[in-house]
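Subject: Structure handover

Hello,

Here is the structure you are taking over, with the sequence. My notes on it follow below.

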Amino acid sequence: LAGTETANFVENYSTSAVGTGLTLVPSGSVSDGNNGANYAITFVNVTTGAITKAASSIVITAVPVTLTYGASVSLTASVPTNATGTVTFRDSANNTLCTDTSIVGGGANCSWTPSSATNYIVSATYSGDSNYSASSTTTSVTVSVSKASLTVTANALTKTYGATDPTLTYTVSGLVNGD
């Protein structure tokens, strides 16, 4: 190139996936004052490109970590930005609590309602895509579930002395989870 002539060339991978032997595709143009007609440009692809895995990690937080039986908790996990994969939340007995596959953009979130009033050790496993080194990372948090309040109210009944006792009746309020 001479004088005021300029060139603008770039190369792009033909894929964004991790791998070796990837094709690099060049493109660009020359500004030579003659609409580029002063140069015959030949673009040659190269097949020796390489994309390596990105380092990544997962951090799980359960919010809130204390709740009342019958309430649901939002289990969240952060994953590498723009990662794809699945985050599966499990309790200490390895039962699946919930699974989120919509994590593009760096996060997973699913709602879970505990089945009893107790403490749960909840772990999240990220099964990421092949572009990340940490394809399976597990972290845990304790979710404390306290007892729900239940109110049993006896109905006021009457009875005549010497008569058979009436059937006792009552009302209950505060049942949750279909109990």
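Thr 6 stands opposite Ser 31, a residue of strand S2. Keep in mind that this is a predicted model, so please read what follows as a description of a prediction. Thr 6 is at the start of strand S1 (6-13), and S2 covers residues 19-31. The two strands run antiparallel and are joined by 8 bridges. Another residue to look at is Asn 12, whose bridge partner in S2 is Val 25. The connection from S1 to S2 is a hairpin, made through 5 residues.

S2 also pairs with S3: these two strands run antiparallel as well, with 4 bridges between them. Here Thr 20 has Ala 50 in S3 as its bridge partner. Together the strands make an open sheet of 3 strands in the order S1-S2-S3, paired antiparallel. S1 and S3 (46-51) are the edge strands, since each of them pairs on one side only. From one strand to the next, the twist averages 45 degrees. As background, the strands of a sheet pair through backbone hydrogen bonds, and they may do so in a parallel or an antiparallel way.

Next, the loop between S2 and S3, which is where Asn 35 is placed. Is Asn 35 buried or exposed? Asn 35 has a relative accessible area of 84%, and the cut-off for exposed is over 50%, so Asn 35 counts as exposed. Its C-alpha atom is separated by 39 Å from that of Thr 52, with the two positions 17 residues apart along the chain.

Now the nonpolar core. The largest one has 26 residues. Which of its residues touch the most other members? They are Leu 75, Val 87, Phe 89, Trp 112, Val 122, Tyr 126 and Val 143. Two or more residues come from each of these elements: strands S4 (59-63), S6 (73-78), S7 (85-90), S8, S9, S10 (119-128) and S11 (138-146). S10 gives the largest share, with 4 residues.

Val 122 is a good residue to select in the viewer. Leaving aside residues up to four places away in sequence, Val 122 touches a list of residues that includes Ile 60, Leu 75, Phe 89, Leu 97, Trp 112 and Val 143. Arg 90, Asp 91, Thr 139 and Ser 140 are also among the residues touched by Val 122.

Trp 112 comes up again in the aromatic pairs, of which the structure holds 2. In one of them, Trp 112 and Tyr 120 meet edge-to-face, 4.9 Å centre to centre and with 85 degrees between the planes. Both Trp 112 and Tyr 120 are buried.

Last, the cysteines. A search of the whole structure turns up 1 disulfide. Cys 98 and Cys 110 form this disulfide, with 2.0 Å between their sulfur atoms. The link is right-handed, with 55 degrees about the S-S bond. Which parts does the pair tie together? Cys 98 lies in strand S8 (residues 96-100) and Cys 110 in strand S9 (residues 107-112), so the disulfide ties together parts that are 12 residues apart in sequence. Cys 98 has a relative accessibility of 9% and therefore counts as buried. Cys 110 counts as buried too, because its relative accessibility is 9%.

Regards

Methods: Residues are numbered from 1 along each chain as its sequence is written. This is a predicted model: local features need pLDDT of at least 70, side-chain atom pairs count only at pLDDT 80 or more; totals for chains, interfaces and linings use all residues. Side-chain values use heavy atoms; hydrogens and water are left out. A disulfide is a pair of cysteine sulfur atoms within 2.5 Å. Buried means under 20% relative accessible area, exposed over 50%, partly exposed in between (1.4 Å probe, protein chains only). A nonpolar core is a set of buried Ala, Val, Leu, Ile, Met, Phe, Trp, Tyr and Cys residues joined through side-chain atoms within 4.5 Å. Contact means heavy atoms within 4.5 Å. Two strands pair if DSSP finds at least two bridges between them. Axes are lines fitted to C-alpha atoms, for helices over the stretch in contact, and angles run from 0 to 180 degrees between N-to-C directions. Rings of Phe, Tyr and Trp (its six-membered ring) pair if their centres lie within 6.5 Å; planes under 30 degrees apart count as stacked, over 60 as edge-to-face and the rest as tilted.
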